[in-house]
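This report covers pockets, cavities, cores and strand pairing. Please look at the fold before reading on.

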Amino acid sequence: MIVKPRIRGFVCITAHPVGCTAKVQREIEVAKAARQSGGPKKVLVIGASTGYGLSSRIAAAFGSDAATLGVFYERPSLKGKPASAGWYNSAAFESAAHTSGLYAKSINGDAFSTEVKEQTIDMIKADLGQVDLVIYSLASPRRTDPASGETYRSCLKPIGGTYTNRTLDTDKAQVSDITIDAATKQEAEDTVKVMGGEDWELWMQALAQAGVVAQGAKTVAYSYIGPEITWPVYTNGTIGAAKKDVERAAAAITAQYDCDAYVSVNKAVVTQASSAIPVVPLYISILFKIMKSKGTHEDCIEQTVRLFNQRLYGGDLQLDESGRIRIDDWEMEPEIQAAVQEIWPEISSETLIELSDFTGYQKNFLNLFGFAIEGVDYDVEVEVDVPVPSIS
Ligand code: NAI
């Protein structure tokens with residue numbers, strides 16, 4: 001069929017298999033160009049199909065020949081409809097890894113469940129013995145607690161007061177004011193339950209107890225801090241409370257198991273998760289313009305390559321005062337942040353294109369779903385039923 005983008009708000013409900021393959025291939029080339037010895041060898045990536053998790057998997061496999069096992073929750077093609085982007089990304093990744101002689105298998109299911117944890121452990125035991133790196137890169141709006149069976153929903157709200165700021169309707173290219181009411185205590189607690197560190201701890205507990213974590217292994221979960229303008233809705237909001245809990249979990253994991261657990265604070269990039277956050281896409285559009293003009297712009301793959309090569313395996317962690325890895329360092333440079341602050345009051349629907357890189361943001365967003373990729377002919381019929389080789 002001929003697949004075109006069908007955008008609904010901040011999601012695109014179609015994905016292009018050939019475009020996703022081309023995007024994965026581009027990331028593979030970046031990882032290969034930065035090849036370095038001494039990296040991870042057997043890697044489990046939880047949330048491996050898009051965004052930071054996918055790039056982590058690519059950086060490990062093609063940057064240091066690692067065997068990778070990826071866990072994700074994606075939609076295969078059904079009744080002739082396109083699969084989700086993460087499905088096509090994973091199909092493309094596995095095929096490329098196998099062509100290069102690398103071990104790559106995937107599990108498609110709910111990472112929060114006990115069943116998927118058990119399935120993962122069985123696969124590690126059968127194929128890899130142990131893993132030396134576990135990347136935790138889930139972004140989900142809901143989680144069913146495996147113990148109680150109760151489903152919790154996360155929300156993106158301020159805590160303690162109402163927040164008003166400019167936001168961007170990325171579909172309509174309109175800048176307007178948004179007012180978000182403070183979260184209730186319950187909403188804040190539920191967000192911690194979904195996006196906090198509990199599930200990461202459950203993963204590490206299950207893996208350690210099964211004996212599949214190599215001695216001295218590393219595990220990393222991703223976090224974000226960002227600029228003060230977004231703090232009320234991010235860092236000091238419900239999601240920030242969850243990220244604090246991830247930091248708590250890192251210390252608990254390091255203390256309990258024979259591995260080093262880190263939180264890596266990453267740069268703002270366009271992903272399915274970040275496009276859903278109020279205010280953040282507007283900030284990202286401005287940030288991209290400034291970082292591109294300074295030559296310091298990075299996407300997920302450049303970030304994860306730098307995280308692996310320089311920090312995790314380059315002997316230069318550069319932890320901050322809270323013990324976190326800061327690969328958001330270039331984003332947070334005072335000069336960059338001052339430039340964003342200068343533009344912020346001037347931004348409107350009329351000035352959006354001139355003062356920000358909204359054009360780049362939109363292209364980046366379409367790229368997530370395999371669209372707007374150079375060299376891909378979108379008028380040609382494509383097969384949408386593409387298998388992920390290790391998933392029958
Ligand atoms: P994303 O939406 O691109 O990826 C989420 C991944 O989680 C996908 O692989 C998806 O299949 C998987 N997933 C979601 N629910 C699942 C479930 N129940 N079971 C199994 N897999 C599931 O998100 P993104 O942006 O890459 O986020 C990953 C992490 O990076 C998050 O912790 C996020 O807070 C963090 N981060 C993101 C930044 C950004 O600007 N996008 C910046 C800094 C940190």
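How do the residues of the lining of the second largest pocket divide into nonpolar, polar and charged? They divide into seven nonpolar, nine polar and eight charged. Here Ala, Val, Leu, Ile, Met, Phe, Trp, Tyr, Cys and Pro count as nonpolar, Asp, Glu, Lys and Arg as charged, and the others, Gly among them, as polar.

This is a predicted model: local features need pLDDT of at least 70, side-chain atom pairs count only at pLDDT 80 or more, and totals for chains, interfaces and linings use all residues. Residues are numbered from 1 along each chain as its sequence is written, and side-chain values use heavy atoms, with hydrogens and water left out.

**Pocket and cavity**

The second largest pocket holds about 480 Å³ of space. Among the 24 residues that line this pocket, Lys23, Arg26, Asp299, Asn364 and Asn367 are the closest to its centre. Four elements give two or more residues to the lining: α1 (17-33), α2 (51-64), α9 (300-312) and α12 (358-368). The largest share, five residues, comes from α12. Helices (H or I, at least four residues) and strands (E, at least two) are DSSP runs, numbered from the N terminus.

Pockets and cavities are found on a 1 Å grid over the protein atoms alone. A cavity is a set of points where a 1.4 Å probe fits but cannot get out; a pocket is an open set with protein on both sides within 12 Å along at least five of seven lines. Lining residues have an atom within 4 Å of a point. Grid points are joined across faces, edges and corners, and a volume is the space filled by probe spheres set on the points.

There is one cavity of 30 Å³ or more. The largest cavity holds about 80 Å³ of space. It has 14 lining residues, and Ala59, Gly63, Ser64, Phe308 and Asn309 lie nearest its centre. Both α2 and α9 give two or more residues to the lining of the largest cavity. By class, that lining has seven nonpolar, six polar and one charged residues.

**Helix α9**

Is α9 mostly covered or mostly open? Mostly covered: eleven of its 13 residues are buried. Buried means under 20% relative accessible area, exposed over 50%, partly exposed in between (1.4 Å probe, protein chains only). The buried residues include Cys300, Gln303, Arg306, Phe308 and Arg311. Their cover includes α1, α2, β6, β11, β12 (259-265) and β13 (325-326).

**Cores**

A nonpolar core is a set of buried Ala, Val, Leu, Ile, Met, Phe, Trp, Tyr and Cys residues joined through side-chain atoms within 4.5 Å. The largest has 91 residues, and Ile58, Phe62, Tyr283 and Phe308 have the most contacts inside it. Helix α8 (residues 280-294) gives the largest share of this core, nine residues. A second, separate core of 33 residues includes Leu44, Ala67, Met123 and Trp203. In soluble globular proteins, nonpolar side chains tend to be buried together.

Tyr283 has a broad list of partners, with contact meaning heavy atoms within 4.5 Å. Not counting residues up to four places away in sequence, Tyr283 touches Tyr224, Pro227, Ile229, Thr230, Ala268, Glu331, Gln337, Val340 and Trp344.

**Strand β6**

Five of the six residues of β6 (residues 131-136) are buried. Two strands pair if DSSP finds at least two bridges between them. Strand β3 (residues 42-46) runs parallel to β6, joined by four bridges. Leu44 has Val134 as its bridge partner in β6. Strand β11 (residues 213-223) also pairs with β6 in the parallel sense, over five bridges. There, Val131 stands opposite Val213.

**Selected exposed and partly exposed residues**

| Residue | Place | Relative accessible area |
|---|---|---|
| Lys79 | loop between β4 (67-72) and α3 (85-99) | 86%, exposed |
| Ala173 | loop between β9 (163-169) and β10 (174-180) | 26%, partly exposed |
| Arg248 | helix α7 (residues 238-256) | 38%, partly exposed |

Lys79 is not glycine, yet its phi is positive, near 50 degrees. Ala173 also has a positive phi, near 55 degrees. Arg248 is in contact with Gly197, Glu198 and Glu201, leaving aside neighbours within four places in sequence. Arg248 and Glu198 are 50 residues apart in sequence and 9.5 Å apart in space, C-alpha to C-alpha.
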